[in-house]
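User: I would like to go through the labels attached to this structure. For each label, please set out the value and the criterion behind it.

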Amino acid sequence: LQKCFRGRKVVKAAHFKVREEFCGAYGKYCQNVDRHCFSSDSEFLRQLLFFFNAQNVGDFAILVETCRSLLQFVQDGGDTVSLFAGRDYSSNHALVDYRVKQLVYACIQAVHQNRNQLKEQILMTSKESSTPTTLLLDTVVLLIDPKLPWVCNIVGYLLQRNTFTLFREIALAWKESAKTGTSTGIVSSLERVLALIIPHIGQKPCTCTNIDLRWSFSSQILTIPFLWQLFPYLKEVFARRGLSQHYIHQMAVCVQNRGNVLPNDISTEYPGYACLLGNILETAGVALSQPNCSFEMAVDLAAVTTFLLEALPSLKSSSRESKESSMLVEDDTTAGDEVTEITLNRDLEQQICNAIEPRFLLQLTNLLFGGIPFASSSDDGPDDKEVAAVGAACAFLHVTFNTLPLERIMTVLAYRTELVPVLWNFMKRCHENQKWSSLSQQFAYLQGDAPGWLLPLSVFCPVYKHMLTIVDNEEFYDHEKPLSLKDIRCLIIILRQALWQLLWVNPTTPANSLKSATSTSSNKRHPEEFIQERVSIVASELLSQLQDWNNRRQFTSPSDFHADGVNEFFISQAVLENTRANDILKQGPFLVPFTSRVKIFTSQLTAVRQRHGSHSVFTRNRFRIRRDHILEDAYNQMSALSEDDLRGVIRVTFVNEFGVEEAGIDGGGIFKDFMENITRAAFDVQYGLFKETADHLLYPNPGSGMIHEQHLQFFHFLGTLLAKAMFEGILVDIPFATFFLSKLKQKHNYLNDLPSLDPELYRHLIFLKHYEGDIAELELYFVIVNNEYGEQTEEELLPGGKNLRVTNENVITFIHLVANHRLNFQIRQQSSHFLRGFQLLIQKDWIDMFNEHELQLLISGSLDSLDVDDIRLNTNYAGGYHKDHYVIEMFWEVLKSFSLENQKKFLKFVTGCSRGPLLGFRYLEPLFCIQRAAGNAAEEALDRLPTSATCMNLLKLPPYRSKEQLETKLLYAINADAGFDLS
């Protein structure tokens, strides 16, 4: 320690002595300096560079005056090289280079050491004022001019001394003091220095060697927040192909090695990786637009931005996210319950979001997919270039989808890039060859054994799903765009197999945790699990959407959506809450055959009914219903019940038109008759609450409020009524429009649902969509005219819509706003109240097991003819009858000969409902029974009509002697419409 102290003391004394000699020879303010002082045989620079201390005020002043003199001598006509080396640079270049690089580094060090005192001068130029900072930095600019012979030696020395770290701290000092982080528009001296240094990347003619990435331009300068606002000229220099490609490739290599080379964060609002991402993205558009930008550059850029985006907190909670995004990709934008601790500066968020804009996506995907065919022989597997392109694009877009708002991203990817056909061609060939290329190299968190379909599906599914919300029926079914129906059948198989693999065969999460997949925290903590869970969600959403298209017009067998592995064990597990099978049933119900789901639904209803005492001897709720006032009486009495009462048993007594109670004790049959009659009356279009489509399908009347003052309360009642029918397992003959059934599932309707409501309006909108002329000439505006009961009203589709003309640019928006108005907006209140009443008894989870087509079957049963053979196989006999009895043989022949209408009347006569059980008559409780009605075959007994006990599903049939007599008596009985007085 003493030796070190003595040594420092000696050096300090030597510095003092030389400084004294220097001031004596050249003056305290360098007033005695001339041109010769800078030559190689002068002591001026040797002495100055020996004693100079950047923290010494006197030394700083001397260096500033030295720079002032040097700049003046060069300006007066002196050549820089001859000023330092005389006429022969080559003979003493080593000494000259040494002095020049020491002088340059001293200038930079002087600015850095005094940056807090000089921060107001940092971004000034010599044209504005001759401040110490500009003099020092202008000297650096002078001495690293690319034309000078020593430039690579000087810059190489600066890079070895980690000069970018000094520049970073200089720039940040100015940024902290400035109220706004923007440049004055004039190229500052500091910016010129950086612009001269960054081209030294070791490419000919430059001879500089590569430096440690930790001290490079990429890590030290590109991580300064809003760098290009400070240095717009530097942005232009960096964006040139050679530089941006070099630095981005440098970072890509680092990403592959998972190296952490970034400096400490400025603050939690400005993490280095986020600042780096914002700056790279802001220049990426310029770099990608260069005519000679390479495929490799695009792959590297995708790799770097993917890595940095992965580290970002989700930016989806931002209020900038549009309604369209939340509407079209509801589950894609769901945030988890856990709030991330990292919150980016809002302007930094905006920089990143704005940079990933349509033009950038278009440039990147075109570069990546430019040389890849949209269709090729299935015998050819993807080559290395195609694998690299697909991997890079999918990794980048997967992370983008889960980090940034989606309103601008999806449409450009779907309609302005070839992403969907390229990805589909890739997946199709891999599937047909049964060999999926590994993409784990393109995505750091994927293990080598991860399924090859995982990454492509994570991107393909949400983009293609977005396309399907906009495509019209003609494009999908007739023109088979964007994919052929044959390809869609293949896609369904790929999705089904992938989903079953993720959810059942090799699940990544415990049961009852599928919803956690959408949380940001899950993304950051378990990225490999997150991508698998994400794919399971987007694949199930796309399969559900494809099933909707198949229900509109069948192009593949419904069984194509069923997983091969669904068995009795799976069904037994699916009934139980908090099991994996139950989770799968909620997320991908289409994987399970419809009949199996109906059994599960029925068992759930049975369990709830039993819990609420449906089989109790004592009944609290008894309705007294006048047949000629059935709707009013039912509304008044049912509306008074609590939710628990609604789940319990309700018994009904009918009063005929004479005010007399009808005979018969309600053991369940009278209630079934009541439910069928009340639903027929309530949903009758004559009542004004519902309207019919051209196909006689029901939907809420948008003008119901003009007919009934309490129309919304009635819709709540009707929702409860329908739910009660389903809750009790009673089928009712009410055909609903598909777009209204979507509201029971809380789904949004789109353009392709419009034909079921208004085929003429749909044709007009499709005409507009494909109109080749100038749409503005049609004089259309963003308004729609409603015509209810002769009263016309005009509504704006957008604020100010009556003054906004429809043009070729906005016609697609207009078309979808019109469809949205008719299918969603007009019936929103009626649907909302109906749904509230419906959910009093039917849980959302139960309904979510079924699509709209299946939901109609749950409500009404099959529309096919009655299966008499099925009834016969599941019938019991009593009172002396048996299956081979001659009366029974006649009975089945007669019933089989009935028209469908009379068969339905017969079914209602014996069971109280005109529709049979959804899964067949073996599920009728109790089983249908035929009992002999008369003990003997006397004429008086044979003259009686057949009677029934609907609560027991019992037909009391006299032993008629002829087929004709049996047919006549049975037809009379089922058409008498005498209520329960007949028995």
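The exchange below takes up ring pairs, charges over rings, a helix and some backbone features of this predicted model.

User: How many aromatic pairs does the structure hold, and why is the pair of Phe217 and Tyr247 called tilted?

Analyst: The structure holds 53 aromatic pairs. In the pair of Phe217 and Tyr247 the centres are 5.2 Å apart and the planes make an angle of 55°. A pair requires centres within 6.5 Å, and planes that are neither under 30 degrees nor over 60 count as tilted; the 55° of Phe217 and Tyr247 therefore gives a tilted pair.

User: What makes this a link between distant parts of the chain?

Analyst: Phe217 belongs to helix H11 (residues 217-220) and Tyr247 to helix H14 (residues 241-256), and the two residues are 30 residues apart.

User: Why do Phe217 and Tyr247 count as buried?

Analyst: The cut-off for buried is under 20% relative accessible area. Phe217 has 1% relative accessibility and is therefore buried; Tyr247, at 5%, is buried as well.

User: Why is the pair of Phe690 and Phe740 edge-to-face?

Analyst: The ring centres of Phe690 and Phe740 are 5.8 Å apart and the planes lie at 80°. Because planes over 60 degrees apart count as edge-to-face, the pair of Phe690 and Phe740 receives that label. This pair also links distant parts of the chain, with Phe690 in strand S3 (residues 690-692) and Phe740 in helix H35 (residues 738-744), 50 residues apart. Both Phe690 and Phe740 are buried.

User: Which arginine has its charged end over the ring of Phe825, and what makes that description apply?

Analyst: Arg828 has its charged end 3.8 Å from the ring centre of Phe825 and over the ring. The description requires CZ of Arg within 6 Å of the ring centre and within 35 degrees of the ring normal. Arg627 likewise lies over the face of Phe654, at 3.8 Å from the ring centre.

User: How do you know that the length of helix H15 agrees with expectation, and where does H15 bend?

Analyst: H15 (residues 272-288) has 17 residues, which at 1.5 Å a residue should span 24 Å; its end C-alpha atoms are 24 Å apart, so the two values agree. H15 bends by about 30° at Glu282. As for its surroundings, H15 is mostly covered, with 15 of its 17 residues buried.

User: Is Thr207 buried or exposed, and where does Thr207 lie?

Analyst: Exposed means over 50% relative accessible area, and Thr207 has 58%, so Thr207 counts as exposed. Thr207 lies in the loop between helix H10 (189-197) and H11. Its C-alpha atom is 8.2 Å from that of Asn153, 54 residues apart along the chain.

User: What sets Gln746 and Glu779 apart in their backbone?

Analyst: Most residues other than glycine have a negative phi. Gln746 has a positive phi of about 55°, and Glu779 has a positive phi near 60°. Gln746 is in the loop between H35 and helix H36 (759-769), while Glu779 is in the loop between H36 and strand S5 (783-788). With buried under 20% and exposed over 50%, the 41% of Gln746 makes it partly exposed, and the 45% of Glu779 places Glu779 in that class too.

User: Which peptide bond is cis?

Analyst: The bond from Lys481 to Pro482 is cis, with omega near 5°. Pro482 lies in the loop between helix H24 (473-478) and helix H25 (485-505).

Conventions
Residues are numbered from 1 along each chain as its sequence is written. This is a predicted model: local features need pLDDT of at least 70, side-chain atom pairs count only at pLDDT 80 or more; totals for chains, interfaces and linings use all residues. Side-chain values use heavy atoms; hydrogens and water are left out. Rings of Phe, Tyr and Trp (its six-membered ring) pair if their centres lie within 6.5 Å; planes under 30 degrees apart count as stacked, over 60 as edge-to-face and the rest as tilted. Helices (H or I, at least four residues) and strands (E, at least two) are DSSP runs, numbered from the N terminus. Buried means under 20% relative accessible area, exposed over 50%, partly exposed in between (1.4 Å probe, protein chains only). The expected span of a helix is 1.5 Å times one less than its number of residues. The bend at a residue is the angle between axes fitted to the seven residues ending there and the seven starting there.
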